[in-house]
Amino acid sequence: MNYSAHTVLSYEEDLSQFALFLASEGDDIDPALVTTDDVRMWVHHLSQKGFAVSSIRRKLQSLRAFYRFLHDRGGVKVSPVADVPLAKIPKHLPEYVVPRRMDVVLDEDIDESDFVAVRNKLVVAMFYETGMRRAEMLSLKDYDIDVERGELKVHGKRNKDRIIPFCGELKRLIDIYRPLRAKVANGEDTFILTEKGMPAYPGLLYRIVTRNLSSVTSGKRSPHVLRHSYASAMLNNGAGINSVKELLGHESIATTQIYTHITYSELKQNYKHAHPRALKKGG
């Protein structure tokens, strides 16, 4: 199995930490003599040191991989890690911005002759109205967008392209942006540009989104939050989960299903604030 250089370095660091722990406990660091109790004590030590559950899981996985390697080559008969369970990572619902707050951002008047103002509003609108990833927007070319058909093509993860439809307001913004973009483009075909006509970069898109959302939410503000907002809005307004999966470019529907928890949470809140029986004290 081929691992990336980053993964190899991570495994090496994790195994070195385990060896140092054994040495600090006065134990023999011969891998064949390590016991399940040694591994459990290490997990407890990591937890006491404040390591996140995700970090402890990864370190245990590194140790498991190491002992699989030794077992396959006859170095050990039984892995001391086999009976140590991986802690479950707590699931957090993705943060998102509700439609009424996005309306405040997107309905704000701007100077439509100002390249930066138009581009910034377009960036926020495209994230929210297409659900694309930041990397997908950065790679978007001018010729990937067909205003007449109301479609754009994005180059997603695993080198897969997909078509995303869009509607009137976004069409209008693109039509306003294109002539302004042409004045700075200098032959550059990347769609989102800097004022100097260079391709936009990750930090720029992040700053645009952060600044535009600062007036409507005190929570997390990022391009990915707008992707979450898109998915939540689509499902709340009746889109089928399989359709949303395809539009988001998810490989598995399990990834998309987390947004059904968002929509249920929102429905529950609406019930609590609207139903007369829920409004009663203790309801």
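The following questions and answers concern a helix residue and three strands in a predicted model.

Q: Why is Glu136 called buried?
A: Its relative accessible area is 1%, and buried means under 20%. Glu136 therefore meets the definition.

Q: Where does Glu136 lie, and which residues does Glu136 touch beyond those up to four places away in sequence?
A: Glu136 belongs to helix α6, residues 134–139. Heavy atoms within 4.5 Å count as a contact, and on this basis Glu136 touches Val154, His155, Gly156, Lys157 and Arg162.

Q: How do you know that strands β1 and β2 pair?
A: Pairing requires at least two bridges. Strand β1 (residues 145–146) has two bridges to β2, in the antiparallel sense, so the requirement is met. Asp146 stands opposite Glu151 in β2. Four residues lie between the strands of this hairpin, where Gly150 takes a positive phi near 70°.

Q: What makes β2 and β3 a pair of strands?
A: Five bridges join β2 to strand β3, residues 161–165. The definition asks for at least two, and therefore β2 and β3 pair. The two strands run antiparallel, and Glu151 stands opposite Pro165 in β3. Their hairpin has five residues between the strands, and Arg158 in the turn shows a positive phi of about 55°.

Q: Which residues make up the covered face of strand β2, and which the uncovered one?
A: In β2 (residues 151–155), Leu152 and Val154 form the covered face, whereas Glu151, Lys153 and His155 form the uncovered one. Side chains in a regular strand alternate between the two faces of the sheet.

Notes
Residues numbered from 1 in each chain as written. Predicted model: local features only at pLDDT ≥ 70, side-chain atom pairs only at ≥ 80, totals over all residues. Heavy atoms only, no water. Buried < 20%, exposed > 50% of the residue type's maximum accessible area, 1.4 Å probe, protein only.
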